[in-house]
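This report is a short first guide for a reader new to the structure. It takes the sheet first, then the helices beside it, then some single residues.

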Amino acid sequence: MNYSMMDRIIEHLVNSDNVLIASHINQDGDAIGSLLAIGLALNFINKKTFLFNESPIPAVYRFLPGVELVEHQIDDLHTFDTAVILDCGNLERIGKSAKAVSKIPVLINIDHHATNTGYGTCLFIDIAACSTAEIVYRIIKKMNIPISKAIATSIYTAILTDTGSFRASNTNRSAFAICEKMIDCGADPYEIAQNVYGKYSLGRIRLLNLALESIEISKNAKLSMMTITRDIIDKTGTRSEDIDGLISYAKRIKGIKVAVLIQEEKNSLKKTNGLKNFHVSLRSDGTIDVTEIALSFGGGGHFSAAGFNIETTLDKLRAIVMGFSEKI
Ligand code: AMP
Ligand code: MN
Ligand code: MN
């Protein structure tokens, strides 16, 4: 653990007056959980904070205490002396405000992505951390800020989801140790699990059905590909956030080394040339480094879980994805 970096971050936070705290677009449990945890902790020591995420809060995370504090638009960026960027491998991941945010005098980059570009004036990157929330927890603890039930619930939710319910390869000792402490501080495992995984809309279950039907396997049987078009989303009355977790079904097939999920993006307006915007998620069984593929398309992530965005046609993309199987 990098104590000196931790001390520097704490010093900056203690000396700050007005802190912007942001995490990545299309937030997952770690992005929203880390944001709320550090936001609520800084509020406790009477810091002026602005919690920001460009995307709406996914329905499954709206139960989190303090979620109403999260803003989706920044009106005046000049007022912030400090920014804390969470769970973002590159600054552009926060969305449209990235360029303006890069001008905030103190820019603290807290992350666990292997592909972190090292942006910011003060960095805390730990790729061995199971989640950004693990690093946030260590900072809050070092600052001696008491962990309220709200903070505990955020951190527990972030670790639960970022480890794929303690099944992904980033599940480490700290994941369990911190979650145990969060339960001591008031986090309720059953209540959290029910909110995150136990209250799906019927549409989401129907989406699962169509997503499973879309699975194709490469000729060498090492790669699986799941495709979710806007048509499938519209037909099931779901939203992009309902796609979260579906790739795990493509990944858990015996013999599959790399699972790929192609997702047609909402903003994928039909252009005259027929190009569309896609998000591509990659998962490996732990033997293949999928960041290599993600980075080659301008994306990023972790060894076994990465992603990228691309503008192309669906046919071309499907051919590109199937082509990945030739290297495994
Ligand atoms: P996903 O498959 O989209 O859920 O993302 C898997 C991992 O890759 C997450 O840790 C993301 O933060 C990261 N990731 C996904 N898309 C991108 C991207 N366009 N740029 C950088 N990192 C990404
Ligand atoms: Mn994330
Ligand atoms: Mn994360």
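Which strands does helix α2 lie across? Helix α2, residues 29-44, lies across β1 (18-23), β2 (48-52), β3 and β4. Its direction is at about 165° to β1. The model described here is predicted.

**The sheet**

The strands named above belong to an open sheet of six, in the order β3-β2-β1-β4-β5-β6, with parallel pairing. The edges are formed by β3 (70-71) and β6 (122-125); each has a single partner strand, so one side of each is left without a neighbour in the sheet. Further in, strand β4 (residues 82-86) pairs with strand β5 (residues 106-111) in the parallel sense, over five bridges. Leu86 has Ile110 in β5 as its bridge partner.

**Helix α4**

Helix α4, residues 132-142, lies across β4, β5 and β6 and runs at about 120° to β5. Is this helix mostly enclosed or open, and how many of its residues are buried? Nine of the eleven residues of α4 are buried, so the helix is largely enclosed by the rest of the structure. The buried residues include Ile135, Val136, Ile139 and Ile140, and also Glu134 and Arg138. Just after α4 comes Asn144, with a positive phi of about 60°.

**Loop residues**

Most residues other than glycine have a negative phi. Asp87 is not a glycine, yet its phi is positive, at about 60°. Phe166, also not a glycine, has a positive phi of about 60°. The table sets out these two residues together with Tyr200, another loop residue.

| Residue | Loop | Relative accessibility |
|---|---|---|
| Asp87 | between β4 and α3 (98-101) | 1%, buried |
| Phe166 | between α5 (149-162) and α6 (173-184) | 23%, partly exposed |
| Tyr200 | between α7 (189-197) and α8 (202-213) | 33%, partly exposed |

Why does Asp87 count as buried? Buried means under 20% relative accessible area, and Asp87 has 1% relative accessibility. Phe166, at 23%, counts as partly exposed.

**A surface patch**

Tyr200 also takes part in a nonpolar surface patch of about 370 Å². The patch is made by Tyr200 together with Tyr197, Leu202 and Ile205. Tyr200 itself counts as partly exposed, because its relative accessibility is 33%.

Key:
Residues numbered from 1 in each chain as written. Chains lettered and ligands numbered in written order. Predicted model: local features only at pLDDT ≥ 70, side-chain atom pairs only at ≥ 80, totals over all residues. Heavy atoms only, no water. Pairing = 2+ DSSP bridges. Helix = DSSP H or I, 4+ residues; strand = E, 2+ residues; numbered from the N terminus. Contact = heavy atoms within 4.5 Å. Axes fitted to C-alpha atoms, helices over the stretch in contact; angles between N-to-C directions. Patch = residues over 30% accessible without salt bridge, like charges linked within 9 Å, V, L, I, M, F, W, Y side chains within 5 Å. Areas by Shrake-Rupley, 256 points an atom, 1.4 Å probe, with all protein chains shown as cover. Salt bridge = Lys/Arg side-chain N within 4 Å of Asp/Glu carboxyl O. Buried < 20%, exposed > 50% of the residue type's maximum accessible area, 1.4 Å probe, protein only.
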